[in-house]
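User: I'm new to reading protein models. Can you help me see how the labels people use follow from the numbers?

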Amino acid sequence: QVQLVESGGGLVQAGGSLRLACAASGSIFSSNTMGWYRQVPGKQRELVATIIGSGGTNYAYFVKGRFTISRDNTRNTMYLQMNSLKPEDSASYYCNTAPRPFRVNGVDYWGKGTLVTVSS
């Protein structure tokens with residue numbers, strides 16, 4: 001069964017922190033490079049951070065130094081620790097394989113995402 005379940009979003013004041021979690025089915029997680037994406041209504045989804053199977057990471061410039069991506073391969077789980085949050089970080093956050101999303105029958109598969117709202 002293919003599954004991506006994001007959690008941990010919420011409302012936080014600017015400067016605050018949140019920790020997102022992603023539970024993935026083994027068929028997706030495995031040894032794949034995984035990533036966190038985010039999307040604001042009316043805009044394209046953008047890749048925020050990636051992590052390879054052995055733990056190497058990469059970050060978009062707009063979150064570098066504030067966000068930390070990690071993964072637990074024994075639990076098929078990935079995390080995104082978000083610190084020093086800014087109002088412009090407000091978005092729905094999604095996890096998936098990276099740099100391209102997992103596909104099922106030729107169609108991109110996405111979970112429902114988790115909403116992060118940062119108030120000023």
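User: Which residues are linked in a network of salt bridges?

Analyst: In this predicted model, the network is made up of R38, E46, R66 and D89. The structure holds 5 salt bridges.

User: What makes the contact between E46 and R38 a salt bridge?

Analyst: The cut-off is a side-chain nitrogen of Lys or Arg within 4 Å of a carboxyl oxygen of Asp or Glu. For E46 and R38 the N to O distance is 2.8 Å, so the pair passes the 4 Å test.

User: Why is R38 called buried, and what is E46 called?

Analyst: Buried means under 20% relative accessible area. R38 has 7%, so the label fits. E46 comes out at 32%, so this one is partly exposed, which means between the 20% and 50% marks.

User: How do you know that D89 and R66 form a salt bridge?

Analyst: Same recipe: their N to O distance is 2.7 Å, and the rule asks for within 4 Å, so they count.

User: What makes that pair a link between distant parts of the chain?

Analyst: D89 and R66 are 23 residues apart. D89 sits in the loop between β8 (77-82) and β9 (91-97), while R66 is in the loop between β6 (57-59) and β7 (67-72). Both D89 and R66 are buried.

User: Why does the pair D72 and R75 count as a salt bridge?

Analyst: Here N and O are 3.8 Å apart. The limit is 4 Å, so this pair gets the name too. R75 has a relative accessible area of 62%, and exposed means over 50%, so R75 is called exposed.

User: Let's try a strand. Why is T50 called buried?

Analyst: T50 lies in strand β5 (residues 46-51). Its relative accessibility is 15%, and the buried label needs under 20%, so T50 gets it. Leaving aside residues up to four places away in sequence, T50 touches several others, including T33, M34, I69 and A98.

User: A98 came up just now. What is special about the peptide bond from A98 to P99?

Analyst: That bond is cis, with omega near 5°. Most peptide bonds are trans. P99 is in the loop between β9 and β10 (103-104).

User: What makes N76 and S84 worth pointing out?

Analyst: N76 has a positive phi of about 50° without being a glycine, and S84 likewise has a positive phi of about 50° and is not a glycine. Most residues other than glycine have a negative phi. You'll find N76 in the loop between β7 and β8, and S84 in the loop between β8 and β9.

User: And why are N76 and S84 called partly exposed?

Analyst: The label covers values between 20% and 50%. N76 has 21%, so it is partly exposed, and S84 has 41%, so the label holds there as well.

User: Zooming out, how do you know that the protein agrees with a compact globule?

Analyst: With 120 residues, a compact globule would have a radius of gyration near 14 Å, and the protein has 13 Å, so the two agree. Along its principal axes, the C-alpha trace spans about 40 × 30 × 20 Å. Of the 120 residues, 41% count as buried.

User: Last one: how many helices and strands are there?

Analyst: There is 1 helix, and there are 12 strands. Starting at the N terminus, the order is β-β-β-α-β-β-β-β-β-β-β-β-β.

Conventions:
Residues numbered from 1 in each chain as written. Predicted model: local features only at pLDDT ≥ 70, side-chain atom pairs only at ≥ 80, totals over all residues. Heavy atoms only, no water. Helix = DSSP H or I, 4+ residues; strand = E, 2+ residues; numbered from the N terminus. Rg over C-alpha atoms; globule rule 2.2 N^0.38 Å. Buried < 20%, exposed > 50% of the residue type's maximum accessible area, 1.4 Å probe, protein only. Contact = heavy atoms within 4.5 Å.
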